[in-house]
Amino acid sequence: MKQAIPLLKASIDDFKRNKIRTFLTSLGIMIGVFSVVILIGLGLGLKNYIQNQFESLGANLILILPGGGFTGEGGSGIGGAALVGGVSFDEKDVNSLKRISEIDFVVPVFMKGVTIEAPREEKFGYVMGINEDGFKLMNVKAQFGKLFDNSDVQASAKVGVMGNTIAKDLFSSPADSVGKTVRLENQRFKILAVAEKKGDREADSAIFIPYKTTYGSLNPDKTFWSIYLGVKSDELVSTAKVEAEKVLLDRYDKDDFAVTEQSELLSTINQIFSIINSVLIAIGSISLIVGGVGIMNIMYATVTDRTREIGIRRAIGATRQDILFQFLAESTLLSLIGGVLGLVAAGIIIIIIRQFFPATLNLFAAIAALGISSAIGVFFGVFPARRAANLSPIEAIRYE
Amino acid sequence: MRAKKYMISLKNVIKEYKIGDTTLKALDSTTLEIKHGEFIGIIGSSGSGKSTLMHIIGLLDKPTSGEIIFEGRNIAKLTDDEISKIRNSVVGFVFQQFNLINNLTVAENIRLPLLYSKTKPDYDIANYANDLMRMFGIDKRANFYPNKISGGEQQRCAIARALVMKPKIILADEPTGNLDSKTGNEIIELIKKLNKDLNVTVVIVTHEKSVADKTRRRVYIKDGRVVDKYI
């Protein structure tokens, strides 16, 4: 261990003498670590976001989605707008499902991207057609005003509950917007309430209206993209699922819809994202390997540059292992510098993109980045270091 | 029991170099014995094999054949690490080109052998390094880098480095070759004094008669062979 500090000093001195070379060599690893950390950050962030969305819906939940369900071809949280194939559900399904005894509530969900017009502003947002139980399902609470109720749904009332962000964007403050009117595709809606901020971009920029009110120009087919079932208790979930399937099989083919428990959905999400993350890490790793080759190249050049020094050190008693350690320390340090720079850069970028995208910087990615960059330094440094260690002392000392 | 009598003995040592298809014999059946405390000059013209001989004596290079007994140990039977240990603690080298490490200060260069010492010396190396610098008049240069001091100072620094581990033998390869005659003389006097005061065995390789004349025993070498006299 007594060698560690002088070896480190020798490496740092060498870096100081060749600042540009050191920077450019570290740059390869920096870019590698940067891309791996960013990609992991984006992948995990997205996964957590989607997972949280589903978890916030509460337990004892069954989702009915068209087609093969949530199979990884696409999809999003509430609404499942990107699901491929299958049927569109309608009011009749909702009523049949309501008859299942294990079920507490049924929420049909219609969702569409629209331009929401206020007297002075207009913004792109989402219209979400739900019933009064949808607020419970999505954990939406009124910050100002009062949420719509069953009578508004049944009466197809032209009322809406604004998400917090869009209310702020369209009116000077969320509180002011209660009682005002907005226009969606030429229909006027009175704002009954503004929801508390959820930190969920879709919900915060949505206007929730009674699903029956969507029938018309917004939803001429009177269909829904998904239906959510709240089951009375945890133990009843599997029975309710079987019952729901039975009900739907009366009208549709087996392949036209999917009845999924929330837990199944979460495990599917986990599976999909672990594949996506592996692919992202693999892509990022390519740049790490390229960076490692860069380090190896420079270390070979350094060994040649410092052949005479190696000879001098051998003459005064350095063993092959001492020389090996010296050059390994140098390549590891070089790689670690790149790793730290990459990590810092990725951290800054993640903090910035967090404003627009749910990216996360997790401790595991940070530790792994530093660990991997050190390992790359050792791996790609070992060949040049071995060359240095195996030089004949006398040939090295004579080297010009 | 040669071990007791001689510090180093070389028997029929041959060193060949292969350059392309031709084989060059740098040392040809060289036999030489060096006793403890001797002050020997190895004298020969350029290309005579004297530097090769010094490198083999100092265990920097291995012979093609022949036997080397170093303080009673047959070098052929030692591992590379054991040989490195001998170079670190028993041998001190002084080169014509000084061979200091340019990005280390004078003091750091002198203390460098300690870095590679596998056993802790029974004296304070840092203090001893300071004593050597004072003794050689380079204490004011302790924090200078080698390229900022004169040739004579660099060679004194190299000698201090060679001595810092209290070696039993100093091997000096043309130590005055890059110095003016006055400074060269000072360096030779210094080495002579070390031999006398510290009882360090000294082997100086030189082609200069004035340097050779200062040594107590002279070994002449020609065409890789030890000869009776320098002709």
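**Salt bridges, sheets and helical spans in chains A and B**

With a relative accessible area of 44%, B:D213 is partly exposed. The structure described here is a predicted model. The side chain of B:D213 meets that of B:K209 in a salt bridge, with an N to O distance of 3.2 Å. The lysine of this pair, B:K209, has a relative accessibility of 62% and therefore counts as exposed, since values over 50% fall in that class.

Over all chains, the count comes to 28 salt bridges. One of them joins A:R251 to A:D90, whose closest N and O atoms are 2.8 Å apart. A:R251 is placed in the loop between helix 10 (237-249) and strand 12 of chain A, whereas A:D90 belongs to strand 2 (residues 89-90) of chain A, so the pair ties together parts that are 161 residues apart in sequence. The arginine itself, A:R251, is partly exposed, at a relative accessible area of 37%. Another salt bridge is found between the side chains of A:K246 and A:E243, at 3.5 Å from N to O. Here both residues belong to helix 10 of chain A and are 3 residues apart, about one turn of the helix. A:E243 has a relative accessibility of 26% and is classed as partly exposed. Elsewhere in chain A, a network of salt bridges links A:R306, A:E309, A:R313 and A:E330.

Strand 1 of chain A (residues 61-66) is mostly covered, with 6 of its 6 residues buried. This cover extends to both faces of the strand: A:L61, A:L63 and A:L65 are buried on one side, and A:I62, A:I64 and A:P66 are buried on the other. Such a division follows a general pattern, in which the side chains of a regular strand alternate between the two faces of the sheet. Strand 1 of chain A is joined by 4 bridges to strand 11 (residues 226-231) of chain A, and the two run antiparallel. Within this pairing, A:L61 stands opposite A:G230 of strand 11. A further 5 bridges connect strand 1 of chain A with strand 12 (residues 257-261) of chain A, again in an antiparallel arrangement. In that strand, A:T260 is the bridge partner of A:L63.

In chain B, 4 strands form an open sheet with antiparallel pairing, in the order 2-1-4-5. The edges are occupied by strand 2 (22-34) and strand 5 (73-74) of chain B; each has a single partner strand, so one side of each is left without a neighbour in the sheet. The partner of strand 2 of chain B in this order is strand 1 of the chain. Strand 1 (residues 8-19) and strand 2 of chain B run antiparallel and are joined by 9 bridges. Among the paired residues, B:S9 has B:E33 of strand 2 as its bridge partner.

Chain B also contains helix 2 (residues 50-57), of which 7 of the 8 residues are buried, so the helix is largely enclosed by the rest of the structure. The buried residues of this helix are B:K50, B:T52, B:L53, B:M54, B:H55, B:I56 and B:I57. Just after helix 2 of chain B, B:L59 adopts a positive phi of about 60°.

At the level of whole domains, chain A is divided into domain 1 (4-51 + 277-398) and domain 2 (108-223). The C-alpha centres of these two domains of chain A are 53 Å apart. In chain A, the unreviewed UniProt entry places the feature "transmembrane region" at residues 20-46, 279-303, 324-357 and 363-383. For residues 324-357 of chain A, the end C-alpha atoms lie 46 Å apart, and the span is 88% helix and 0% strand. For residues 363-383 of chain A, the corresponding distance is 31 Å, and the span is 100% helix and 0% strand.

A nonpolar surface patch of about 610 Å² is made by A:V340, A:V344, A:I348, A:I349, A:I352, A:F356 and A:F357. One of these residues, A:V344, belongs to helix 13 (residues 320-353) of chain A. A:V344 has a relative accessible area of 47% and is partly exposed, a value that satisfies the requirement of over 30% for residues of a patch.

Notes. Residues numbered from 1 in each chain as written. Chains lettered and ligands numbered in written order. Predicted model: local features only at pLDDT ≥ 70, side-chain atom pairs only at ≥ 80, totals over all residues. Heavy atoms only, no water. Patch = residues over 30% accessible without salt bridge, like charges linked within 9 Å, V, L, I, M, F, W, Y side chains within 5 Å. Areas by Shrake-Rupley, 256 points an atom, 1.4 Å probe, with all protein chains shown as cover. Salt bridge = Lys/Arg side-chain N within 4 Å of Asp/Glu carboxyl O. Buried < 20%, exposed > 50% of the residue type's maximum accessible area, 1.4 Å probe, protein only. Pairing = 2+ DSSP bridges. Domains from an automatic or database assignment. UniProt positions renumbered as here; feature names shortened; annotations may be inferred.
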